[in-house]
Amino acid sequence: MIPFFIFLALIAALIVWGIAIYNRLVQLRNRLPNAWAQIDVQLKRRHDLIPNLVQVAARYLKHEQETLQAVTAARGQAQGLLEAARHTPASAAAITQLAAGEAALMGSLGRLLAVAEAYPALKANEQMRALSEEITSTENRVGFARQAYNDAVLDLNNALQAFPAVIIARLCGFEVAAPMQSTASQAERAAPQVRF
């Protein structure tokens, strides 16, 4: 009779252990949408600032319509990709496409700000300065939000791939999540050469 109770105790311990691992994996998986929501808020903020920046710049940059149109087009594309990624924040394909779209947006926005530097009246415009500062501040917030998202992805992926949780993860259909990665090329990642 005692071996039977020991057997039941072992079965009960295994069930409790499995439930604890499952609950931990669910908790880690649920952190991803929360971390993603922080990125989403900051990207939305950036997307909302850009039309104001383009409107102010358009008054001064009559000969730079191509630059302004490129920013507007990149913003539209980035917003579409953000909407697609919003529904599947753990999807590697959606996150990669969003990162590429955001990189294109930031490239065109960088060109706009560089062109604006050549126009002293625009550079001195208080509204333009305030919008530029807001965009810079938003970029910092996006960076922090991406870091928090990638930390949540790392925690989930580590838990999913560690033994013995990997058994429960596979049985319950948990999937590895994709971190947000830079879309910079090898040339962009290389350290700049400084020569005097």
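**Exercise 1. In which helix does Leu 113 lie?** Find its helix, its exposure class and its contacts beyond the close sequence neighbours.

*Solution.* This is a predicted model, so treat each value below as computed from predicted coordinates.
- Step 1: Leu 113 lies in helix 3.
- Step 2: the relative accessibility of Leu 113 is 27%. Buried means under 20% and exposed means over 50%, with partly exposed in between, so Leu 113 counts as partly exposed.
- Step 3: set aside the neighbours of Leu 113 within four places in sequence, and the residues in contact with Leu 113 are Leu 53, Met 128 and Ser 132.
- Step 4: for a sense of distance, pick Gly 173, which is 60 residues from Leu 113 in sequence. Their C-alpha atoms are 47 Å apart in space.

**Exercise 2. Is Leu 109 buried or exposed?** Then list what Leu 109 touches.

*Solution.* Stay in helix 3, where Leu 109 is found.
- Step 1: the relative accessible area of Leu 109 is 1%. The cut-off for buried is under 20%, so Leu 109 is buried.
- Step 2: without the neighbours within four places in sequence, Leu 109 is in contact with Ile 50, Leu 53, Val 71 and Ile 135.
- Step 3: look up Val 71 in turn, and you will find it among the buried residues of helix 2.
- Step 4: Leu 25 makes a handy reference point, as its C-alpha atom is separated from that of Leu 109 by 39 Å. Along the chain, these two leucines are 84 residues apart.

**Exercise 3. What span should the 23 residues of helix 2 have?** Check the helix length, then work out where its buried residues pack.

*Solution.*
- Step 1: helix 2 covers residues 65-87, and the rule is 1.5 Å a residue. The expected span is 1.5 Å times one less than the number of residues, so helix 2 should span 33 Å.
- Step 2: the end C-alpha atoms of helix 2 are 34 Å apart, which agrees with that expectation.
- Step 3: now collect the buried residues of helix 2, which are Thr 67, Leu 68, Val 71, Ala 74, Arg 75, Ala 78, Leu 81, Leu 82 and Ala 85.
- Step 4: to read that list, recall that an α-helix has 3.6 residues a turn, so residues three or four places apart point the same way.
- Step 5: the packing partners of these buried residues are helix 1 (2-60) and helix 3 (92-117).

**Exercise 4. Which two residues does a cis peptide bond join?** Describe the place and the exposure of the residue on the N-terminal side.

*Solution.*
- Step 1: the cis bond joins Phe 163 and Pro 164, with omega about 10°.
- Step 2: Phe 163 lies in the loop between helix 5 and helix 6, and Pro 164 is found in that loop too.
- Step 3: Phe 163 has 66% relative accessibility and therefore counts as exposed.
- Step 4: turn to Asn 157, which is found in helix 5 (residues 126-161). Its relative accessibility is 12%, so Asn 157 counts as buried.
- Step 5: leaving out neighbours within four places in sequence, Asn 157 is in contact with Val 176 and Ala 177.

**Exercise 5. How many helices and strands does the chain have?** Finish with the overall dimensions and the surface.

*Solution.*
- Step 1: count seven helices and zero strands.
- Step 2: a compact globule of 196 residues would have a radius of gyration near 16 Å, but this chain has 24 Å.
- Step 3: along the principal axes, the C-alpha trace spans about 90 × 40 × 25 Å.
- Step 4: of the 196 residues, 34% count as buried.
- Step 5: the accessible surface comes to about 12,000 Å², and 60% of it belongs to carbon and sulfur atoms.
- Step 6: compare the mean positions of the 18 positive and 15 negative charges, and you will find them 2 Å apart.

Notes
Residues numbered from 1 in each chain as written. Predicted model: local features only at pLDDT ≥ 70, side-chain atom pairs only at ≥ 80, totals over all residues. Heavy atoms only, no water. Helix = DSSP H or I, 4+ residues; strand = E, 2+ residues; numbered from the N terminus. Buried < 20%, exposed > 50% of the residue type's maximum accessible area, 1.4 Å probe, protein only. Contact = heavy atoms within 4.5 Å. Rg over C-alpha atoms; globule rule 2.2 N^0.38 Å. Areas by Shrake-Rupley, 256 points an atom, 1.4 Å probe, with all protein chains shown as cover. Lys, Arg positive; Asp, Glu negative; His and termini not counted. Charge placed at Lys NZ, Arg CZ, Asp CG, Glu CD.
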